[in-house]
Amino acid sequence: MAFRGPRAAAAALCAVALVAAPARAWLFDRGLEDTVDAMRDLFGKRELVTLYDRYVDPRLRAEIEASAALMQKDRANGALIARRLRFADRGEFQKAEPRRVVEHFFMAMKDPPGKKGGAVNNAEYLKTAFSLTVLFAHFDDGMRLVRREIAGNRAKLYYRGNNLKMIAYFTYRDKRWLITRKGL
């Protein structure tokens, strides 16, 4: 059956435009809203390791764990880093898998020491700490979603609150949304 008339042509044109245009609404989000809600729930329960394992892009996890592996080679600051991350000693810290080091970072974030230690002079330690801190910061209380851009398998969610403006980047891979970083 063929479409006839100006109304049918206009309806067909609108349908094509909607399907072809990048989706910029929750209508075409492939479950992103539900995924963000599940992430926020895990964050609220302080299940950071689970959140990291389930919802962080494996390529981003590999970058973070590579930084942790480089950090472990520091002989000068190894003992201080081991104490900060609550390893028994420098030897245990240096023998640990990078994934285990990330777990220790999360444990230290959840239960920070009461007394601040000295400054750690290790770029990889600072890079890893910053990456893990910022990774889920948009789920913090006071942060609210103000804008979203969803286009194909990429999404940017804009958050504002706590005197911060943040963009959270997501990628759709293996039929699920994952936190990533810009350009990855």
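Helix H2 (residues 32-44) lies across S1, strand S2 (154-161), S3 and S4. Its direction runs at about 50 degrees to S2. That packing of helix on sheet is a good place to enter this predicted model.

Step back to the whole chain. The protein chain holds eight helices and four strands. Read from the N terminus, the order is α-α-α-α-α-α-α-α-β-β-β-β. Of its 184 residues, 38% count as buried. Contacts across the sequence matter for the picture too. Among contacts in the protein chain with a separation of 6 or more, 57% join residues 24 or more positions apart. The accessible surface comes to about 11,400 Å², and carbon and sulfur atoms hold 55% of that surface.

Now take the sheet. Strands of a sheet pair through backbone hydrogen bonds, either parallel or antiparallel. Here four strands make an open sheet in the order S1-S2-S3-S4, and the pairing is antiparallel. Strand S1 (144-151) and strand S4 (176-180) are the edge strands, since each pairs on one side only. From one strand to the next, the twist averages 25 degrees.

Follow the strands in turn. S2 and S3 run antiparallel and are joined by eight bridges. In this pairing, Arg-154 stands opposite Thr-171 in S3. The two strands form a hairpin with two residues between them. In that hairpin, Asn-162 takes a positive phi near 55 degrees.

The next pairing is that of strand S3 (residues 164-173) with S4. These strands are antiparallel as well, with five bridges. Tyr-172 stands opposite Trp-177 in S4. Arg-173 has Arg-176, also in S4, as its bridge partner. S3 and S4 again form a hairpin with two residues between the strands. Asp-174 lies in the turn and has a positive phi of about 55 degrees.

Which charged end sits over the ring of Tyr-172? The charged end belongs to Arg-30, and it sits 4.3 Å from the ring centre. So Tyr-172 faces Trp-177 across the strand pair and also carries the charge of Arg-30 over its ring. A second contact of this kind involves Arg-147 and Tyr-158. The charged end of Arg-147 sits over the ring of Tyr-158, 4.1 Å from the centre.

Turn to the aromatic rings. How many aromatic pairs are there? The count comes to six. One of them joins Tyr-52 and Phe-106. Their centres are 5.6 Å apart, and the planes meet at 65 degrees, which makes the pair edge-to-face. Tyr-52 lies in helix H3 (residues 48-55) and Phe-106 lies in helix H7 (residues 98-110), so the pair ties together parts that are 54 residues apart in sequence.

Are these two rings' residues buried or exposed? Tyr-52 has a relative accessible area of 0%, so it is buried. Phe-106 is buried too, at 2% relative accessibility. Buried here means under 20%. The pair does not stand alone: Tyr-52, Phe-106 and Phe-136 form one aromatic cluster.

Two loop residues make a useful contrast. Start with His-138, which lies in the loop between H8 and S1. Is His-138 buried or exposed? Its relative accessible area is 3%, so His-138 is buried. What does His-138 touch, leaving out residues up to four places away in sequence? The list is Met-143, Tyr-159, Met-166, Ala-168, Phe-170 and Ile-179.

Ala-119 is the other loop residue. It is found in the loop between H7 and helix H8 (123-135). With a relative accessible area of 73%, Ala-119 is exposed. The cut-off for exposed is over 50%. Setting aside neighbours within four places in sequence, Ala-119 is in contact with Leu-80 and Arg-84. Ala-119 also lies 9.8 Å from Asn-77, C-alpha to C-alpha, although the two are 42 residues apart in sequence.

Definitions and conventions:
Residues numbered from 1 in each chain as written. Predicted model: local features only at pLDDT ≥ 70, side-chain atom pairs only at ≥ 80, totals over all residues. Heavy atoms only, no water. Phe/Tyr/Trp six-rings, centres within 6.5 Å; stacked < 30°, edge-to-face > 60°. Buried < 20%, exposed > 50% of the residue type's maximum accessible area, 1.4 Å probe, protein only. Lys NZ or Arg CZ within 6 Å of the ring centre and 35° of its normal. Pairing = 2+ DSSP bridges. Axes fitted to C-alpha atoms, helices over the stretch in contact; angles between N-to-C directions. Contact = heavy atoms within 4.5 Å. Areas by Shrake-Rupley, 256 points an atom, 1.4 Å probe, with all protein chains shown as cover.
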